[in-house]
Amino acid sequence: MVDDAAMEGSAITKNPAGGDEDKSSPSHTFERYSLPVRDAPDLHSTPSRFKVSVDRVGLAKLLFKEVFHYRFNMGLVLSRPCIYGVFGGPLGGFAPREHECVGCLRCTIEHPEIVKVEPNPLRWGWGDDFHNPLALDTVDHESRSGSVPVRGQGYRGKFGGAGWDGMWTDMSEIVRPTRDGIHGRESISTLVDLGGSPPLVDPDDLPDTPTLSLPLPTFLDLPPAQSQQIDLPEIWHRAAAMTKGMAFLPVRTVLEKGCPTTHIAPFFSSGEEHLCASFHGTRLVEAESLETALALQRALPQSVVSLRMPYPEDPTELVRLFQKGIRLFHLVADFHGIGPQGRFVLDLIQESHCALVSEGIRDQCSLIGTGGILLAEHTAKAILCGLDAVALDTALSIAIHGRPPGGFGGRDTRYSFPHIPVDWAAQRITNLLSAWRDQLLEIMGAMGLREIRRMRGEMGRALFQSILEKEAFSDIEGFPE
Ligand code: SF4
């Protein structure tokens with residue numbers, strides 16, 4: 001028996017034929033899982049968040065007055081009134097450095113007749129309701145620095161709303177013995193096991209069902225279509241290796257590039273199962289259809305086989321597929337997290353999870369979810385709702401400056417990428433995953449959870465706005481049914 005702390009640094013398949021070293025052997029030394037974070041500055045500047053307009057005549061008069069007031073201390077005169085240095089450039093307020101503006105509005109309060117600060121329409125027109133400028137900024141910050149964005153002004157957003165905003169995590173003192181995973185005083189494990197496991201284990205007859213253990217519950221989903229020739233598969237592969245994780249890539253791409261599959265899960269479209277001969281010992285493979293998945297299970301008995309499918313309209317479909325032998329489901333919604341009948345993944349995940357729980361088979365299979373996961377908190381919420389792991393899509397492209405020119409549409413949307421070096425891009429993705437892991441540890445610490453496997457489907461730690469509002473206000477006349 002190996003404890004999770006020891007396994008936290010490893011990513012192994014219980015696969016006797018696999019080429020991967022089995023690091024779970026007791027002789028393997030302890031290694032705490034950590035991600036190699038390094039600064040990866042933006043390669044292309046984005047429009048500033050705010051537009052700062054200054055009345056130059058008014059400013060000249062003010063400066064004239066202040067030169068005498070501050071006794072010719074020009075450094076001081078030219079830097080006022082902004083402590084963030086917006087007016088601290090060589091030309092002071094005559095050429096404000098708008099990128100430095102954080103929107104505190106101090107200047108407009110002190111000198112309303114001279115300075116005006118407004119949101120920059122170029123910036124706030126980006127994206128859409130889901131991929132909004134604040135979310136894009138957050139992903140940019142995380143992938144640039146690998147750190148958690150702390151704004152220091154408290155939370156200024158809404159305390160409820162549609163989608164993920166309608167769910168909160170319960171971090172009250174009543175439910176939590178506080179744990180500290182961030183500063184390493186206590187081990188909180190983000191290790192996740194995927195694949196099938198039998199309902200009961202006989203120690204004398206251990207099953208050889210393949211399972212996959214990963215140190216992070218976060219996959220890199222198939223790279224998006226692109227309008228240039230950026231080597232996304234190499235970026236995905238490099239980032240997955242740096243994070244000891246897994247990236248999905250089309251099987252033909254894997255064959256063409258000859259990538260080792262330690263950190264790659266080849267994706268087989270229908271009819272491509274004959275290409276599996278080169279993948280004996282591969283830890284994870286994915287199929288587009290049930291027939292392909294079953295063919296892969298027969299051909300690669302030591303690999304975990306995932307079935308990629310849309311979130312089902314009827315969640316009992318998962319039970320039927322389980323009975324046919326599927327043990328790992330990869331459920332896909334669109335980039336905005338919208339699945340069948342226009343429903344958001346928050347509900348779809350819970351339904352899928354509960355359908356498996358009610359049949360008593362939830363622990364014998366695993367769920368990965370793609371679509372609608374743009375921020376770290378979405379991963380935590382998706383796992384609380386019932387996923388074992390998530391696979392990222394738009395967040396990865398945003399991290400490496402990819403933008404769909406016509407907006408975040410369907411999965412065939414072509415992304416436009418500037419010229420980006422592979423090393424830089426892999427580092428950005430690594431930084432992003434590191435910042436997300438820190439936030440997962442923060443959330444789990446605040447909920448008193450020591451491992452992410454226990455967080456799966458732990459809906460008792462979640463609060464839902466719709467339920468709370470109903471409980472509180474449904475007796476009041478006019479409350480919508
Ligand atoms: S709003 Fe705040 S940060 Fe922006 S220019 Fe004015 S004082 Fe500086």
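Biologist: Where is Lys244 found?
Modeller: In this predicted model, Lys244 is in the loop between α7 (232-242) and β8 (247-250).

Biologist: What's its phi, positive or negative?
Modeller: Positive. Phi of Lys244 is near 55 degrees, and the residue is not a glycine. For background, most residues other than glycine have a negative phi.

Biologist: And why does Lys244 count as partly exposed?
Modeller: Because Lys244 has 16 other C-beta atoms within 10 Å, and the buried class starts at 20 while the exposed class stops at 12.

Biologist: OK, Leu105 next. Where does that one sit?
Modeller: Leu105 is in the loop between α3 (74-79) and α4 (106-110). Leu105 is a non-glycine residue with a positive phi too, near 70 degrees. It counts as partly exposed because it has 13 C-beta neighbours inside 10 Å.

Biologist: Which residues surround the ligand?
Modeller: Leu105 is one of them. From the stretch around it come Cys101, Val102, Gly103, Cys104, Arg106 and Cys107. The others are Val52, Cys82, Tyr84, Val86 and Val117.

Biologist: How does that shell divide into nonpolar, polar and charged?
Modeller: There are 10 nonpolar residues, one polar and one charged.

Biologist: Switching to helices. How many residues does α2 have, and how far does it reach?
Modeller: α2 runs over residues 56-69, so 14 residues, and spans 19 Å from first C-alpha to last, close to the expected 20 Å.

Biologist: Is α2 largely buried or in the open?
Modeller: Largely in the open, because just one of its 14 residues is buried. After α2 comes Arg71, with a positive phi near 50 degrees.

Biologist: What about α11, how long is that?
Modeller: α11 covers residues 345-358, with 14 residues and a 19 Å reach, again close to the 20 Å expected.

Biologist: Which of its residues are buried?
Modeller: Val345, Leu346, Leu348, Ile349, Gln350, Ser352, His353, Ala355 and Leu356.

Biologist: What covers them?
Modeller: The cover includes the strands β3 (167-169), β12 (328-332) and β13 (366-370), along with helices α10 (316-323) and α12 (376-385). Just after α11, Gly360 has a positive phi of about 70 degrees.

Biologist: Zooming out, how many helices and strands are there?
Modeller: The protein has 15 helices and 16 strands. Of its 481 residues, 39% are buried.

Biologist: And what share of the contacts is between residues 24 or more positions apart?
Modeller: That's 64% of the contacts with a separation of 6 or more.

Technical notes: Residues numbered from 1 in each chain as written. Predicted model: local features only at pLDDT ≥ 70, side-chain atom pairs only at ≥ 80, totals over all residues. Helix = DSSP H or I, 4+ residues; strand = E, 2+ residues; numbered from the N terminus. Expected span 1.5 Å × (residues − 1). Contact = placed C-beta atoms within 7 Å. Near = placed C-beta within 6 Å. Nonpolar A, V, L, I, M, F, W, Y, C, P; charged D, E, K, R; others polar.
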